[in-house]
Amino acid sequence: FRRVLFRSHPERMLVRIGPERAPAIAARIKSIAGAEGILMADDGLVGGTELSHVLLHLAGKISLDQQNKVAEELFHAYFEEAKDIFNAPSLVEVGVAAGMDRGALEKGFKDGKALEEVKKEEQENKARRGRGVPRFYLGAITIEGAKDMEEFFEAILQIKEGRDEKP
């Protein structure tokens, strides 16, 4: 089992889902995590994730494997070690722990280009106005909500056959 801090923001949770449902939802999250070997506590820091997205973006420019390593390291730092991951110096350390180059990370956070790219991608996602969760973008095709593998297969065929152009 891994011990993890459950970073709920009680006031926000109460406002969004109501005081009568919040404890049950928190208990359900803990139960699911526990079944996966993740022990969650009820305290921790809450902050903006914009810079974490920048780190993931920089990692993704290297490879999907590197991005996955960074995502795992972010999870570890935030939930298991209760680290503050809401500032560039801390995120540089997370990236280095995941095998990225310190100098490249520092440059990536300092020059602002990656942040601009992340913000642009966020705006594009908002413009798509998707509402389903999860949401997958495969070229011009959007798959929203829990879907069967058949729908993904069809989307991949459309892309392969060049039938995925935007209208």
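**Figure 1. An overview of the whole chain.** A residue is called buried here when its relative accessible area is under 20%. By that yardstick, buried residues account for 28% of the 167 residues in the protein chain of this predicted model. The chain holds eight helices and four strands. If you follow the sequence from start to end, these elements come in the order β-α-α-β-α-α-α-α-α-β-β-α. Of the contacts between residues at least 6 apart in sequence, 55% link residues at least 24 apart.

**Figure 2. Where helix α3 meets helix α5.** This close-up brings together α3, which covers residues 50–62, and α5, which covers residues 88–97. A pair of packed helices is described by the angle between their axes and the distance between the axes. Here the axes come within 10 Å and cross at roughly 35 degrees, and the crossing is right-handed. From α3, the contact involves L51, S52 and L55, while α5 contributes A88, L91, V94 and G95. Sorted by character, the residues of this contact are five nonpolar, two polar and no charged.

**Figure 3. A closer look at S52.** S52 is a residue of helix α3 and takes part in the contact with α5 shown in the previous view. Is S52 buried or exposed? With a relative accessible area of 8%, S52 is buried, because that value falls under 20%. Leaving out residues up to four places away in sequence, S52 touches L74, I85 and L91. Two of these names, L74 and I85, return in the next view, among the residues with the most contacts inside the largest nonpolar core.

**Figure 4. The largest nonpolar core.** In soluble globular proteins, nonpolar side chains tend to be buried together. The largest such core in this model has 18 residues. Which residues have the most contacts inside it? They are L55, L58, V70, L74, I85, M100 and F109. At least two residues of the core come from each of α3, α4 (64–80), α5, α6 (102–111) and α7 (113–128). L58 makes a good place to zoom in: setting aside residues up to four places away in sequence, L58 touches M100, L105, G108, F109 and A114.

**Figure 5. Q66 and its surroundings.** Helix α4 is home to Q66. Q66 counts as buried, since its relative accessibility is 10% and the limit is under 20%. To find its contacts, skip residues up to four places away in sequence and look for A59, A98, G99 and M100, which Q66 touches.

**Figure 6. The hairpin of β3 and β4.** Strand β3 (residues 135–138) pairs with β4 in the antiparallel sense, over four bridges. Y137 has T142 of β4 as its bridge partner. Two residues lie between the strands of this hairpin, and in the turn G139 has a positive phi of about 65 degrees. In a regular strand the side chains alternate between the two faces of the sheet. Strand β4 (residues 141–144) has a covered face with I141 and I143, and an uncovered face with T142 and E144.

**Figure 7. A155 beside the hairpin.** A155 belongs to helix α8, residues 149–160. Its relative accessibility is 3%, so A155 counts as buried. Which residues does A155 contact, leaving aside its neighbours within four places in sequence? The partners are L138, I141 and I143, and I141 and I143 form the covered face of β4. From C-alpha to C-alpha, A155 and G139 are 9.2 Å apart in space, with a separation of 16 residues in sequence.

Note on methods: Residues are numbered from 1 along each chain as its sequence is written. This is a predicted model: local features need pLDDT of at least 70, side-chain atom pairs count only at pLDDT 80 or more; totals for chains, interfaces and linings use all residues. Side-chain values use heavy atoms; hydrogens and water are left out. Axes are lines fitted to C-alpha atoms, for helices over the stretch in contact, and angles run from 0 to 180 degrees between N-to-C directions. A crossing is left-handed if the near helix is turned anticlockwise from the far one by less than a right angle, and right-handed if clockwise. Contact means heavy atoms within 4.5 Å. Ala, Val, Leu, Ile, Met, Phe, Trp, Tyr, Cys and Pro count as nonpolar, Asp, Glu, Lys and Arg as charged, and the others, Gly among them, as polar. A nonpolar core is a set of buried Ala, Val, Leu, Ile, Met, Phe, Trp, Tyr and Cys residues joined through side-chain atoms within 4.5 Å. Buried means under 20% relative accessible area, exposed over 50%, partly exposed in between (1.4 Å probe, protein chains only). Two strands pair if DSSP finds at least two bridges between them.
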